[in-house]
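I opened the model to look up its overall form first, then its helices, then a few single residues. My notes follow in that order.

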Amino acid sequence: MEKITQIGSQLLEEKLRELFRDRTGSIKEVAKAASYGDIGYENAEHDAADAALRLAEIRLSSFQRYLATCAVEETPVDPTVIGFGCSVDVIDMDRDEIQVYRIVGEKEPDLLSAEYPDLPGMFISYKSPVA
């Protein structure tokens, strides 16, 4: 089983629900486009809706497979221990800036950064040499 943080699990479950809604909308769009008549070469609406449905199916399947192979791991309670699930504040003394790093599961940095670009901080896999 692959480790995943609690927040990562929650965000990915939320994304999964959103993808189910997108898929349902895509199915309705395919049906609506098919109602316009010939679903052959001359029905661009059907082709576009069908492509959107295929993309939704691929993303949905990918998220389902990933979540099925994950196990939520708890964040350490001891504040003196830095490890999986922790957030670390790094202070750049030269620039007087604080950067937040979160130590997460192996695939979480890519998934969370891509799907939730507004989340604060940077995500680092616990398998990264930096972590």
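**Overall form**

I first compared the radius of gyration with the globule rule: a compact globule of 131 residues would come out near 14 Å, but the protein chain has 20 Å. The model is a predicted one, and I read every value below as computed from it.

I then took the extents of the C-alpha trace, which spans about 65 × 35 × 20 Å along its principal axes.

I looked up the elements next. The protein chain has three helices and five strands, and from the N terminus on they run β-α-α-β-β-β-α-β.

For burial, I found that 27% of the 131 residues are buried. The exposed area of the protein chain is about 8800 Å², and carbon and sulfur atoms supply 54% of it.

I also checked contact range. Of the contacts between residues at least 6 apart in sequence, 49% join residues at least 24 apart.

For the charges, I noted 14 positive and 25 negative ones, with mean positions 5 Å apart.

**Helices 1 and 2**

I asked how far apart the end C-alpha atoms of helix 1 are. They are 42 Å apart, which agrees with the 42 Å that its 29 residues should span at 1.5 Å a residue.

I did the same for helix 2, residues 44-68. Its 25 residues reach 36 Å from first C-alpha to last, close to the 36 Å expected at 1.5 Å a residue.

I listed the buried residues of helix 1 as G8, S9, L11, L12, K15, L16, L19, S26, V30 and A33. K15 is on that list of buried residues, and I kept a note of it as a lysine. What do the buried residues of helix 1 pack against? I found strand 1, helix 2, strand 2 and helix 3.

For helix 2 the buried residues are H46, A49, L53, A56, L60, F63, Y66 and L67. Their cover includes strand 1 (2-4), helix 1 (6-34), strand 2 (70-72) and helix 3 (108-115).

I set a general point beside these lists: an α-helix has 3.6 residues a turn, so residues three or four places apart point the same way.

**S26**

I picked S26, which sits in helix 1, to see one residue of the packing. Is S26 buried or exposed? S26 counts as buried because its relative accessible area is 10%, under the 20% cut-off.

Leaving aside neighbours within four places in sequence, I found S26 in contact with A49, A52, L53 and A56. Among these, A49, L53 and A56 are also on the buried list of helix 2.

**V100**

I moved on to V100, which is found in strand 4 (residues 97-104). V100 has 24% relative accessibility, so I entered it as partly exposed.

Not counting residues up to four places away in sequence, V100 touches S87, V88, D89, G121 and M122.

I also looked up how V100 lies relative to Y66, one of the buried residues of helix 2. The two are 34 residues apart along the chain, and their C-alpha atoms are separated by 26 Å.

**D96**

Last, I checked backbone angles. D96 has a positive phi of about 55 degrees although it is not a glycine.

Where is D96 placed? I found D96 in the loop between strand 3 (87-92) and strand 4. D96 is exposed, because its relative accessibility is 70%, and the cut-off for exposed is over 50%.

Key. Residues are numbered from 1 along each chain as its sequence is written. This is a predicted model: local features need pLDDT of at least 70, side-chain atom pairs count only at pLDDT 80 or more; totals for chains, interfaces and linings use all residues. Side-chain values use heavy atoms; hydrogens and water are left out. Helices (H or I, at least four residues) and strands (E, at least two) are DSSP runs, numbered from the N terminus. The expected span of a helix is 1.5 Å times one less than its number of residues. Buried means under 20% relative accessible area, exposed over 50%, partly exposed in between (1.4 Å probe, protein chains only). Contact means heavy atoms within 4.5 Å. The radius of gyration is taken over C-alpha atoms; the globule rule is 2.2 Å times the number of residues to the power 0.38. Accessible areas come from the Shrake-Rupley method with a 1.4 Å probe; for residues, only the protein chains shown count as cover. Lys and Arg count as positive and Asp and Glu as negative; His and the chain ends are not counted. The place of a charge is taken as NZ of Lys, CZ of Arg, CG of Asp or CD of Glu.
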